[in-house]
Protein chains: 2
Amino acid sequence: MTFKQLEAFYWAATCANFAIAAQRLHVSISSLSKRIAELEESLGVQLFDRGGHRAVLTEAGHGLLPRALELLDAAAAIRNSFAPDAGLAGRCAFGVGELSAMTWLPRFVAEVRARHPQLVLEPYVDTGAVLAARVDDGELDFAVVAGRSARQAILSQPVTQARFVWTAAPALADRYPGLPDLIRAGQPIVALPPSAGTTRLIDDWLLAHGIAKNERISCNNWGAIAGMLVASVGVGILPEGWAQKLARANLLRILDDTHPLATLTYTFQWRRGDSRPLIDQMLALAADVADFSADAQLPWLI
Amino acid sequence: MTFKQLEAFYWAATCANFAIAAQRLHVSISSLSKRIAELEESLGVQLFDRGGHRAVLTEAGHGLLPRALELLDAAAAIRNSFAPDAGLAGRCAFGVGELSAMTWLPRFVAEVRARHPQLVLEPYVDTGAVLAARVDDGELDFAVVAGRSARQAILSQPVTQARFVWTAAPALADRYPGLPDLIRAGQPIVALPPSAGTTRLIDDWLLAHGIAKNERISCNNWGAIAGMLVASVGVGILPEGWAQKLARANLLRILDDTHPLATLTYTFQWRRGDSRPLIDQMLALAADVADFSADAQLPWLI
DNA sequence: CGCGTTTACGCCTCACGTAAACATC
DNA sequence: GATGTTTACGTGAGGCGTAAACGCG
């Protein structure tokens, strides 16, 4: 029984499949498989049931899992105790939404690199639901996502909030007295795909204002959305700070703030049971740095 | 950081020197040294101070020791949990006094072999003080010795008691009215060396009876002592059961039991901090089997 | 047939022991 | 010089990745 074997077992047991676990450990699937087979031989117990299409934990495997984690944590604690300020090391794959990517992500990466030079960061940008799935799979160590996760296996901790406002191009905004009218008149809503956290925000708002059906134009890129709004393709929501800049440039109007959108809470989400110090550190840093407020926003835009 | 490295560190730190630790781990001194060097490199800390003649733990080494033990114990616990009745495995070197070797040791070895077929036993016979030193050094896993150890680093737990009686050849015994007279008359005491537990017993008895100086004949072999007693070389103590057999054969007389010797307690002694399951198991078995009583004694003698 | 896992195999690293060197008492 | 530890070095086992095979949907 070696640490490598326990590590292989732990990640294989908690990731969606061996391939993802192997990727995390920077080894081939073959090596991972062999490490686990060797651990099973060493313990004289079948840890995975290979009967089906995919390897699934046996009862013995479930029993070993928490103890393996304990051991790995203890080993990590020893390592850290002798290199307390050397910082974290290894690979850290994480996910953020595009809005985060355009605002606080660069600061976050700079901050992490400064404190943990040995840590290789792999930011991955996608919508919240996709990121949550990847965290669940074990492909990502964590993600900062709008809203809390519905998944049982994922823990979330709020780190910041974002305020959004309805906007439209001046030409459209001038044509209708109020925002609901604008939408009821058939103006499409330009927004992120349904898997994004902001979509939920829009849905809630529509529900609260009794607007049932509406045309939508989904795009997975905020820059494109802003561009479409400026081009009078439809109405949509933008982060407050960004919208204000565009309004000042007279490219967009901020609509009807008598019916404000709810504030959207962004949470740091990670896998339940992942007690690596990496998670604590990243959570703390993300809480420090994550910020959608006006002065933190998009300094290079416009 | 590997388990092998931690194991090497643990035993090197707790044994008298690297050679003994290497012997325990069945590796060469060279390998042990390299494992420790690699662990030091991996942790980025000097664990041993090689300044002097011998390698001595640094402060960091002292800090690591309990945590390494914790980790190794946890690993062993995992192994045992999946092989609960497979029994212990590996090497077990232990010490007993000669009297134990002649009485309950064969039964003990047979019992251990039956329950733990994978365990290689290495009994070592010597006097109590020598055994205690070897346990302290780490050469022996445990010893069953007369009396408690004075060493701080050794824990002891009583497992059995032995009763001794003064004996002498009939020719000598008939010549003097009482035992003290026999000794005061200049008859030498034939006994084990000062490092044996029975010597303490004799000293206490002499002190209690106000006999200060006396001639002694030391021999590290009970068989030879018994032979010398039979040959009228002097007086001496023998285990009660053995003495009774010899008395029945009219080879010796049991002397003057109005001044009985104190009962001698035998203890299972092991290194403080050695929390291996091996120790628990052996202690329990030794407590079961260790027995100096008459009917358990020396069936092949006389 | 696609997906997920294991097996086969050649490569190469790395851990081992022997023996010599080194350092301290 | 005796004791205790490290270094040098040749050897062998074992862990690695590539690629093919396997087995279930």
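Me: What makes a residue count as near DNA strand C in this predicted model?

Reply: A residue is near a strand if its C-beta atom, placed from the backbone, lies within 6 Å of it. By that test 21 residues are around DNA strand C. Those that come nearest are A:Asn17, A:Phe18, A:Ser33, B:Ser30 and B:Ser31.

Me: Which elements give two or more residues to the surface near DNA strand C?

Reply: They are helix H2 (18-25) and helix H3 (29-43) of chain A, together with helix H3 (29-43) of chain B. H3(A) gives the most, with 5 residues. By class, the surface near DNA strand C has 7 nonpolar, 8 polar and 6 charged residues.

Me: How do you know that chain A and chain B are related by a two-fold axis?

Reply: Two copies of a chain are related by a rotation about an axis and a shift along it. Here a turn of 179° and a shift of 0.1 Å along the axis lay chain A on chain B, with an RMSD of 0.1 Å. That is the relation of a two-fold axis.

Me: Why is it said that the copies meet through the same surface?

Reply: Residues are in contact if their C-beta atoms lie within 7 Å, and 17 residues of chain A are in contact with 17 residues of chain B. Helix H4 (residues 59-82) of chain A gives the largest share of chain A's side, 10 residues. That side has 12 nonpolar, 2 polar and 3 charged residues. Of the interface residues of chain A, 100% are also interface residues in chain B, so the copies meet through the same surface.

Me: Which domains make up chain A?

Reply: Chain A is divided into domain 1 (3-82), domain 2 (89-159 + 266-296) and domain 3 (164-254). The C-alpha centres of domain 1 and domain 3 of chain A lie 48 Å apart.

Me: What makes a set of residues a nonpolar core, and which residues have the most contacts inside the largest one?

Reply: The members must be buried residues of nonpolar kinds, joined through C-beta atoms within 7 Å. The largest such core has 64 residues, and those with the most contacts inside it are A:Val135, A:Phe142, A:Ala143, A:Val144, A:Ala168, A:Tyr266 and A:Ala286. Domain 2 and domain 3 of chain A both give residues to this core, so it lies between them. A second, separate core of 63 residues includes B:Leu99, B:Leu264, B:Phe268 and B:Phe292.

Me: Which residues does A:Ala168 touch, leaving out those up to four places away in sequence?

Reply: A:Ala168 touches A:Ala173, A:Leu182, A:Leu229, A:Val235, A:Leu252, A:Arg253 and A:Leu255.

Key: Residues numbered from 1 in each chain as written. Chains lettered and ligands numbered in written order. Predicted model: local features only at pLDDT ≥ 70, side-chain atom pairs only at ≥ 80, totals over all residues. Domains from an automatic or database assignment. Least-squares fit on C-alpha atoms with pLDDT ≥ 70 in both. Contact = placed C-beta atoms within 7 Å. Helix = DSSP H or I, 4+ residues; strand = E, 2+ residues; numbered from the N terminus. Nonpolar A, V, L, I, M, F, W, Y, C, P; charged D, E, K, R; others polar. Buried ≥ 20, exposed ≤ 12 C-beta atoms within 10 Å, placed from the backbone.
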